[in-house]
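These are my notebook entries on one protein model. I recorded each item as I looked it up.

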Amino acid sequence: LSVGRVLEAVARAGLSDNTVVVFFSDNGGLCTLPNRVGPTCNLPLRSGKGWLYEGGIREPLIIRAPGVTRPGAVCDTPVVSTDFFPTLLELADLPLQPMLHADGISLLPLLEGASLPPRPLFWHYPHYHGSGWRPGAAVRDGRWKLIEFYDPPAIEVYDLAADPGERQNLAAAEPAVRDRLLQELQTWQQALGASLPHP
């Protein structure tokens, strides 16, 4: 309802052909609370708001860019919100600012119906959340995803193609995948100067 009102206001102002609309959430629905049941459910995905399981980080994204996107087009390439800044700069025909969006890329090729080279995606949440989340970080590379917890230390690995609900931790069964993903995550954290919890 509110999105419709915004779009109607844009149309009344005569700006529909010159306005990019991004519909997105920064997290999944709140479904876990320490002392009571949360108000939403993200099944079949695991957990929700404040967590790095898929229920907390996988959500719908709709982008309407006049003259670029096609109505009804669907893309299943995973992206992250840090991609929005370079995307909007490029859509506005402004120069990219690599030092300000080092962890994001322009999604313009996807909006035009092309593809992007495969890349790992990263999340860093090294503090506690009221939903019960404890400090950690995650990386997704293709079908594989690793979550590193800091308190207490633990590693979980999931094959999202076979197990989108993240029910079977494969960290012990897939040591080569675990070690590769952990190295990718730590290299990214070091490159961006990510803050880590003190031991």
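**Entry 1. E54 and its partners**

I began with E54, which is buried because its relative accessible area of 2% falls under the 20% limit. I recall that the model is predicted. I then looked up the salt bridges of this residue. R58 forms one with E54, and their closest N and O atoms are 2.8 Å apart. R58 itself is partly exposed, at a relative accessible area of 36%. K145 also meets E54 in a salt bridge, with 2.7 Å from N to O. This second pair links distant parts of the chain, since E54 belongs to helix α2 and K145 to strand β5, 91 residues apart. Is K145 buried or exposed? I noted a relative accessible area of 0% for K145, so this residue counts as buried.

**Entry 2. A bridge between α5 and β4**

Next I looked up R180 and D141, whose side chains form a salt bridge at 3.3 Å, N to O. Here too distant parts of the chain are linked: R180 lies in helix α5 and D141 in strand β4, 39 residues apart. R180 is partly exposed, with a relative accessible area of 36%. Which residues are joined into one network by salt bridges that share partners? They are E54, R58, R140, K145 and E166. For the structure as a whole I recorded 9 salt bridges.

**Entry 3. Positive phi values**

E166, a member of that network, led me to the backbone angles. Its phi is positive, about 50°, although E166 is not a glycine. The residue is placed in the loop between β6 and α5, the latter covering residues 175–192. E166 has a relative accessible area of 0% and therefore counts as buried.

S47 is also a residue other than glycine with a positive phi, in this case near 65°. I found S47 in the loop between β1 and α2. At a relative accessible area of 13%, S47 is buried, because the value is under 20%.

**Entry 4. Cis peptide bonds**

Where does the chain have a cis peptide bond with omega of about 10°? I found it joining L43 and P44. P44 sits in the loop between β1 and α2, and that helix covers residues 54–57. The loop between β1 and α2 is also the place of S47.

A cis bond also runs from D151 to P152, with omega near -5°. P152 is in the loop between β5 (144–150) and β6 (153–159).

**Entry 5. P135 and its surroundings**

I then turned to P135, in the loop that separates β3 (121–125) from β4 (136–141). Its relative accessibility is 3%, so P135 counts as buried. With which residues is P135 in contact, leaving aside its neighbours within four places in sequence? I listed Y125, P126, H127, Y128, E148, F149, Y150, D151 and P197. One of these contacts, D151, is the residue that precedes P152 at the cis bond described above. I also looked up the separation of P135 from R64: the two are 71 residues apart along the chain, and their C-alpha atoms are separated by 35 Å.

**Entry 6. A nonpolar patch**

On the surface I found a nonpolar patch formed by V3, F23 and I62. Together these residues have about 260 Å² of accessible area. F23 belongs to strand β1, which covers residues 21–24. Why does F23 count as partly exposed? Its relative accessibility is 41%, which lies between the 20% and 50% limits, so the residue is placed in that class.

**Entry 7. The chain as a whole**

Finally I recorded the overall figures. The protein chain has 5 helices and 6 strands. From the N terminus on, their order is α-β-α-β-α-α-β-β-β-β-α. Along its principal axes the C-alpha trace spans about 55 × 40 × 35 Å. The chain has 199 residues, of which 36% count as buried. Its exposed area is about 11800 Å², and carbon and sulfur atoms supply 58% of this.

Among contacts with a separation of 6 or more, 47% are between residues 24 or more positions apart. I also noted 16 positive and 21 negative charges, whose mean positions are 7 Å apart.

Terms used: Residues are numbered from 1 along each chain as its sequence is written. This is a predicted model: local features need pLDDT of at least 70, side-chain atom pairs count only at pLDDT 80 or more; totals for chains, interfaces and linings use all residues. Side-chain values use heavy atoms; hydrogens and water are left out. Helices (H or I, at least four residues) and strands (E, at least two) are DSSP runs, numbered from the N terminus. Buried means under 20% relative accessible area, exposed over 50%, partly exposed in between (1.4 Å probe, protein chains only). Contact means heavy atoms within 4.5 Å. Accessible areas come from the Shrake-Rupley method with a 1.4 Å probe; for residues, only the protein chains shown count as cover. Lys and Arg count as positive and Asp and Glu as negative; His and the chain ends are not counted. The place of a charge is taken as NZ of Lys, CZ of Arg, CG of Asp or CD of Glu. Patches are made of residues with over 30% relative accessible area and no salt bridge: like charges are joined within 9 Å, nonpolar side chains (Val, Leu, Ile, Met, Phe, Trp, Tyr) within 5 Å. A salt bridge is a side-chain nitrogen of Lys or Arg within 4 Å of a carboxyl oxygen of Asp or Glu.
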